[in-house]
Amino acid sequence: MSEPTLRQRKQNLAKTSSSGSTTKSPSRSPVRKASSFGPGFYVVCCLVLSAVVFLYPNPATELLQTWLGADWGASLPGGGADSVDLTADVAKRDAVVAAFKHAWLAYERDAMGDDEYHPISHKGSNLTEAGGIGYTVVDSIDTMLIMGLDEEYQRAREWIKTKMTLDRDANFNTFETTIRVLGGLLSAYHLSSEDPLFLERATDLADRLLTTFETPSGLPLSNVNLAIPEGRADSNSPGLVSTAEVATLQLEFRDLTMVTDEDMYWRKAEKVMAVIKAATMPPGLAPIYMNYEQGRFVPSAIRLGSRGDSYYEYLLKQFLQTNRTEPIYRQMYENAMTAIHNHLIQKSTTAGLTYTSELIPERTQEGELAWRLTPKQDHLVCFLGGSLMLGAVTAGAVVDKVSIPPSPNQLLEQGIRDWSTGVELIKTCMATHDTATGLAPEIVHFRIPSDGLSEFMAPTDWYIKGARKGAPASYDARYILRPETVESLFIAFRLTGDRRYRDWGWNIFQSIEKHCKIASGGYASVINVDEVPVTHEDKMETFLMSETFKYLYLLFADSSVIPLTQYVFNTEAHPLPIFNPTIRTGFS
Ligand code: DMJ
């Protein structure tokens, strides 16, 4: 990093303009003193004020912009909700389809059927030595259905029909297998007008996964040996399971019950939520580890990032999946969002960026448990902006159907709060794209007064920990083709029609094209987002095709494609239909 990044240059500019603002304020004082003058003065003042209204953004406009999260007037010709345009941007949508094909065709050429793809060495690999389980094929197939890629879809389906097997004598992660493979099969089932092949495979997989729930508490074990089948504990974390992992199976298992009429999937998944509800710490927060013997939280980090994220995501989505008929999930979601606002949401020191901190447990000298606030935000947290906005117009709304965009009087106080925070979090996630590549790093830290860093050591608002001139890239500096920011942009666009969200998504897409695309086929992770030319890591994560390109496609597609009123996305972006349940929630 020999040159200062755009972010560093901008932060210097921000300093200049904030000191400039003090010279402006005296010009407002004559208006406040005007009461000592006669009526003529008021007329002059009114004229001056009118001019000011036209020349400068007025407070009402600023409020509206804060509400919508963008320069509404500039992004909508004519302005206002009446002119919301949610039709396709065909050229950009088709560019995303071309990118998906560039990724898929390379995988199909070099590694068809393997779990993972390495686009630089042109090789595939499997999660275990026992052989593959269709990780990439199944994770990608519903994107083909959504994009209308029929030839690719037929070949992928044929592979699932003739080659896919779950008789693999090895341990597979319960959560990852559920969200990618079970979720992918169920979504393909729904989007293919209920092709029985996908349901047969989904049921086979779910029956094997059910063995993980055989614990004293009912919390599923982290791994499953698919061949036996048998649940297996994680030997790296004895006695423990991760909160996000046990609480991110429910959409898939509940959907399976609806399509098979077999209650047991629903009951097993719901029991987990009852255990979590009983164990939740009073403020509504959930540490990232639980003890599966007793079903209790153990002191561990509280965060919206890894091992915490999709727990919060699925609280809302379980409420939405059953057409808002289960008040328990609304209550759990509302409690959690209030706790997040009270304990984790912070503002950065200079630009006032809204971000989420982590709470790290520590023992005091007296042996008491204390929580240290750490200003670290994973890229994973960027799902939260869109999720909060979606929660605001559903769980946080006073009407069943809000307008696009919603008006504040359609929302509860909590909905207004969540909408505003969601808008701001998306802005923050976009700010983390202010790097040499335009790609966001895996983890950012925000500056706090006690961090001991000088302005020469780190930029003023956020920085990549461990990034030093001449040093090897830190773990935090990577971009591994993650989807969370574009996921939020897609939701925000559908809920507002604000073109700014499409523009931001297009910028991210172009950065992926420029820095991650491999000419011979596929896309690769980038080791350091703040260094050009980039160095690649030889890996194309499956969520590029299941999530990142799907959300980008949907951002530019017509809003009638997978409408948010009819589908809920699992955490791997596999859409599942919203339904009216025939089963009543069994806990309160
Ligand atoms: C995906 O596998 C899922 O979105 C999961 O919930 C979190 N991480 C990845 C994508 O970043």
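Is Gly131 buried or exposed, judged by its relative accessibility? Gly131 counts as buried, at 10% relative accessibility. Here, buried means under 20% relative accessible area, exposed means over 50%, and partly exposed lies in between (1.4 Å probe, protein chains only).

This is a predicted model, in which local features need pLDDT of at least 70 and side-chain atom pairs count only at pLDDT 80 or more, while totals for chains, interfaces and linings use all residues. Residues are numbered from 1 along each chain as its sequence is written, and side-chain values use heavy atoms, with hydrogens and water left out.

**View 1. The whole chain has 20 helices and 19 strands.** Helices (H or I, at least four residues) and strands (E, at least two) are DSSP runs, numbered from the N terminus. The chain holds 588 residues, and 56% of them count as buried. Its accessible surface comes to about 24300 Å². Carbon and sulfur atoms own 53% of that surface. Such areas come from the Shrake-Rupley method with a 1.4 Å probe; for residues, only the protein chains shown count as cover. Take the contacts in the chain with a separation of 6 or more: 70% of them come from residues 24 or more positions apart. Contact means heavy atoms within 4.5 Å.

**View 2. Gly131 sits in a loop between strand 2 and helix 7.** Strand 2 covers 123-125, and helix 7 covers 135-147. Leave out residues up to four places away in sequence, and Gly131 touches Asp115, Asn126, Arg168 and Phe172. Ala170 is 39 residues from Gly131 along the chain, yet their C-alpha atoms are separated by 8.7 Å.

**View 3. Strands 3, 4 and 5 form an open sheet.** The order is 3-4-5, and the pairing is antiparallel. Two strands pair if DSSP finds at least two bridges between them. Strand 3 (171-173) and strand 5 (230-232) are the edge strands, and each pairs on one side only. From one strand to the next, the twist averages 35°. Three bridges join strand 3 to strand 4 (residues 223-225). Find Phe172: Val224 in strand 4 stands opposite. Helix 9 (residues 174-191) packs on this sheet and touches strand 3 and strand 4. The direction of helix 9 makes about 65° with that of strand 3. Axes are lines fitted to C-alpha atoms, for helices over the stretch in contact, and angles run from 0 to 180 degrees between N-to-C directions.

**View 4. Ser217 lies in the loop between helix 10 and strand 4.** Helix 10 covers 196-209. Ser217 is buried, with a relative accessible area of 7%. Its side chain reaches the backbone nitrogen of Leu219 at 3.0 Å. A polar atom of the Ser217 side chain also lies 2.6 Å from the backbone oxygen of Tyr292. A polar contact is a pair of N or O atoms within 3.5 Å; within protein, one must be able to donate a hydrogen and the other to accept it, and residues adjacent in sequence count only if both atoms are side-chain atoms. Beyond its neighbours within four places in sequence, Ser217 is in contact with residues including Lys271, Val275 and Gly295.

**View 5. Strands 6, 7 and 8 make an open sheet in the order 6-7-8.** The pairing is antiparallel. The edge strands are strand 6 (240-242) and strand 8 (296-297). Three bridges join strand 6 to strand 7 (residues 289-291). One bridge partner to find is Met290 in strand 7, which faces Val241.

**View 6. Strand 11 and strand 12 form a hairpin.** Strand 11 spans residues 358-363, and strand 12 spans residues 369-374. They pair in the antiparallel sense over six bridges. Arg363 has Leu369 in strand 12 as its bridge partner. Five residues lie between the strands. In the turn, Gly367 has a positive phi of about 85°.

**View 7. Asp498 caps the N-terminal end of helix 19.** A side-chain oxygen of Asp498 lies 2.9 Å from the backbone nitrogen of Arg500. Helix 19 has 17 residues (499-515) and should span 24 Å at 1.5 Å a residue. Its end C-alpha atoms are 24 Å apart, which agrees. The expected span is 1.5 Å times one less than the number of residues. Buried residues of helix 19 include Tyr501, Trp504, Trp506 and His515.
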